[in-house]
Amino acid sequence: MSTGTTSAITNGATQAPPAPPPVALRRNWRFQALWAGQAGSTLGLQIIDTAYPLLLLALTGSSTLAAAFGALQIGASVVFGIHGGAVADRYDRRRILIIGDSTRLIACASVPLAMALDRLTVAHSLLVAVVVGATIAYTGPVRLLAVRSVVPPEQLRQALAQDEARMSGAGLIGPPLAGALFGLGRAAPFVGTALTSLLALVVAVLVRFPGRPASQAGDATDTDHTDGTKDTGSANGAALAGYRYLARSALLRPILAVVLLINLAGTAMLLPVMVGLRGQGTSDAGIGLALAGEAVGALVGAVLVRRLHRLAGPGVLLLAVSWLTVPVILAPLLPGGPATVFAGLFLVGLGVPTLRVMIDLLVFQQVEDALRGRVIAATMTMFTVGMPAGMVGSGLLLDHLSPAAALGTVAALLAAGLVPATAGRTLRRATWPDRTAA
């Protein structure tokens, strides 16, 4: 009996005290500072995405050159995205962020400087597009990893929901702010973009976060992942390792395919909607307000992330939002004009933060840190690839069809693409990952 008592006393004495509760997210200054820097960076990108086409259109009168800025920026982001993920997994991530933000600051500041010297050319503007796209490819994965590295697992959903508010807020504020600044002077929006880039750079310099992957030892062995996939030599910096991981994952593969379809269809519907609304006599301001419905919906949807995640599994939520997009594409054909378009986009926007957080959680929970940058970069690239295809496809459709017929075609193609994923069991049976297994 004395032995049992002694054992109990010994176990009680050696038992570790319970871990203190994590600091409230609103008091986590590193997260909030990184979030502010990322918000500034995203807002700056939204401003230049609107201001540069307006500038090139004013300089040249060519809509083709005005559209070339976005095409070059996206193209550079896709091309350099393959290397960007590998760099994030091999080198100090904080240093990558500082170098990338410094490069973008210099590129953005060069535009108002060239204007002041009356030396701005089309070639200069398009070169800035390439540089900005390249910096997105390198800093994008690092920003995602940096924000999440300073948040405990139990607060991850809350942190990601706040991050979605940043995305939605920038999407809502950026375009009208760019238009207002452009009205003050051609150089004003580019000065504003340079200031937001400076904010992001200052945060990257001041805030410290885990700068290197948790495992960078030269492991040449196969690494087992929680979904049963393997990555051979995941720490060797192979640029395509992220794509191989996504291709082997039975869950991530259909998820990424469906999101790619949504992005492609969502981009393809924009031009027919604008042409259709203009044909109904809607003003440019009215068209802009109608298209803001998705951003407003996403801003509201950021508050609903945790509730929707409790309501259904990730695959079911993805399919629900995807099928809701099909009738929304046809909303401009219904009575009500811009009000109907706004309402439809608002409904779809409600689910956008839920899907983004869903993908983030699946990648964050399942991929080891030494491979995470490449998987995130591959995911971002896969999403981006569909956007230029949607732009080009909508233009080709409008060359041969009316806006109503073009929208009907886009909706039909999206529905046809969703049928295999809906009929399969993988998405319908998918469950949320257990954070203790991460």
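User: Which residue forms a salt bridge with Asp89 in which the closest N and O atoms are 2.7 Å apart?

Analyst: This is a predicted model, in which local features need pLDDT of at least 70 and side-chain atom pairs count only at pLDDT 80 or more, while totals for chains, interfaces and linings use all residues. Residues are numbered from 1 along each chain as its sequence is written, and side-chain values use heavy atoms, with hydrogens and water left out. A salt bridge here is a side-chain nitrogen of Lys or Arg within 4 Å of a carboxyl oxygen of Asp or Glu, and the partner that meets Asp89 with closest N and O atoms 2.7 Å apart is Arg374.

User: How many residues apart in sequence are the parts that Arg374 and Asp89 tie together?

Analyst: Helices are DSSP runs of H or I with at least four residues, numbered from the N terminus. Arg374 belongs to helix H15 (residues 369-400) and Asp89 to helix H3 (residues 63-90), so the pair ties together parts whose separation in sequence is 285 residues.

User: Which residues are joined with Asp89 into one network by salt bridges that share partners?

Analyst: Asp89 also meets the side chain of Arg93 in a salt bridge (3.3 Å, N to O). Buried means under 20% relative accessible area, exposed over 50%, and partly exposed in between, with a 1.4 Å probe and protein chains only; Asp89 and Arg93 are both buried, and Arg374 is buried as well. Through shared partners, the residues joined with Asp89 into one network are Arg93 and Arg374.

User: What is the relative accessible area of Arg143, and is this residue buried or exposed?

Analyst: Arg143 forms a salt bridge with Asp101, their closest N and O atoms being 2.3 Å apart. This pair links distant parts of the chain, 42 residues apart, with Arg143 in helix H5 (residues 122-149) and Asp101 in helix H4 (residues 93-116). Asp101 counts as buried at 1% relative accessibility, and Arg143 is likewise buried, with a relative accessible area of 8%.

User: How far apart are the end C-alpha atoms of helix H13?

Analyst: The expected span of a helix is 1.5 Å times one less than its number of residues. Helix H13 (residues 314-329) has 16 residues and should therefore span 22 Å, which agrees with the distance between its end C-alpha atoms. Several residues of H13 are buried, including Pro314 and Ile329, and the end C-alpha atoms of the helix are apart by 23 Å.

User: Is Leu195 buried or exposed?

Analyst: Leu195 has its place in helix H7 (residues 188-206). With 54% relative accessibility, Leu195 counts as exposed.

How values were computed:
Helix = DSSP H or I, 4+ residues; strand = E, 2+ residues; numbered from the N terminus.
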